[in-house]
Amino acid sequence: MPSALVTGGAGFIGSHLVDRLLGEGWEVTVLDNFSTGNFENIKQAFKTGRLKIIIGDAKIIDLSGELESIDYVFHMAANPDVREITPSVHFQENISATFNILECSRKIGAKFFVFASSSTVYGDALKLPTPEDYGPLKPISLYGAAKLAAEGLVSSYCYTFGMTGVSFRLANIVGPRLTHGVIYDFINKLRENPKRLEILGDGTQKKSYVWIEDCVEAMFHVVKRFKDSRYEVYNIGSEDWVTVSEIADMTIELMGLKNVEKVFTGGVNGGRGWIGDVKLMNLDISKIRSTGWKPKYTSKEAVKLAIEARLRELGLKP
Ligand SMILES: NC(=O)c1ccc[n+]([C@@H]2O[C@H](COP(=O)([O-])OP(=O)(O)OC[C@H]3O[C@@H](n4cnc5c(N)ncnc54)[C@H](O)[C@@H]3O)[C@@H](O)[C@H]2O)c1
């Protein structure tokens, strides 16, 4: 069975990927520093007897002494907070860490490198839905810029050192074990004050959401079928989109609240939630659809399921 290293494997997307790979019979090693990851996310997975964990920092770790060989590296570890505007955080956590994990992968002879990139590399795309070959790429957030730089590193390592690789440009991924994002924030705010919900921006920000199992299936599907190429980029999205205001309404309704005052901050630069917030995001998924994958859930369904899952985690729903 293949072996995989999953960096950030104790986090939201990483832990679901770990479950999936173990479910397929793979040997899995997680590297995580638990900055946002949670041991609870992978506790069950140890029962398989095929999971190992390395507690360490992706930016500085030398895996040569820890791992003899590995077939696949899934690099999920990052600072995933698109709102963070400290440049050094993105440089270190998202670029330097990717560079170090690529170096480790090269040294231990990994064959396949998977990178969790983001729709934010497109910036304010003029073409919606946005295909992978859209350009020039002009990210408007430091996070998006770091993801684009990291994609460049992955591509160059594949061509220079004979690895195979893929960068997945993810839309908003939602589901159980969320660690951040609009659904997570809205539920927290409404628990604190069930009469008032502050909404960043003007609420018209409209984006695409993907259910976590659809996302993990998409990654697995592409990796298993990958051939005839050294490096590819794939969007992972759904075909519809939802506004922030609609998500607020769905959260209020599913929490069983009434007469909640929605307070829009108005935002920055024409109603954006924060500096660097892309107002309209919808990815063209024809490339990945041509491989045979398609999302089971729409954005709206994914958002609804994710709100319910978060409420169950908090013990607010049976
Ligand atoms: N969730 C989304 O909607 C989304 C969208 C686009 C891209 N992504 C990308 O997908 C990946 C996973 O995101 P997520 O939402 O699961 O976030 P997450 O915060 O839940 O997971 C990140 C994991 O990486 C670990 N980590 C962070 N820095 C580390 C370091 N230096 N060394 C070792 N471990 C480290 C954290 O502890 C955590 O377990 C990230 O690269 C993120 O940028 C996520």
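In the predicted model, the C-alpha centres of domain 1 and domain 2 are separated by 26 Å. Domain 1 is assembled from two stretches of the chain, 3–173 and 209–236, whereas domain 2 is made up of three, 175–207, 241–281 and 299–313.

Where the two domains meet, 25 residues of domain 1 are in contact with 18 residues of domain 2. On the side of domain 1 that touches domain 2, at least two residues are supplied by each of three elements, namely the helices α1 (12–23) and α6 (212–225) and the strand β10 (209–211). The largest share of this side, amounting to 3 residues, is contributed by β10. When the residues of domain 1 that form this side are sorted by class, 12 are nonpolar, 9 are polar and 4 are charged.

A second set of residues surrounds the ligand. This shell holds 29 residues, of which G8, G11, F12, G37 and A78 come nearest to the ligand. At least two residues of the shell are provided by each of α1, β2 (27–32), α3 (87–107), β5 (112–118) and β7 (172–174), and the greatest contribution, 3 residues, is that of α1. Sorted by class, the shell around the ligand comprises 14 nonpolar, 11 polar and 4 charged residues.

The helix α1 therefore appears in both descriptions, since α1 supplies at least two residues to the side of domain 1 that touches domain 2 and also gives the most to the shell around the ligand.

Key. Residues are numbered from 1 along each chain as its sequence is written. This is a predicted model: local features need pLDDT of at least 70, side-chain atom pairs count only at pLDDT 80 or more; totals for chains, interfaces and linings use all residues. Domain bounds come from an automatic or database domain assignment. Two residues are in contact if their C-beta atoms, placed from the backbone, lie within 7 Å. Helices (H or I, at least four residues) and strands (E, at least two) are DSSP runs, numbered from the N terminus. Ala, Val, Leu, Ile, Met, Phe, Trp, Tyr, Cys and Pro count as nonpolar, Asp, Glu, Lys and Arg as charged, and the others, Gly among them, as polar. A residue is near a molecule or strand if its C-beta atom, placed from the backbone, lies within 6 Å of it.
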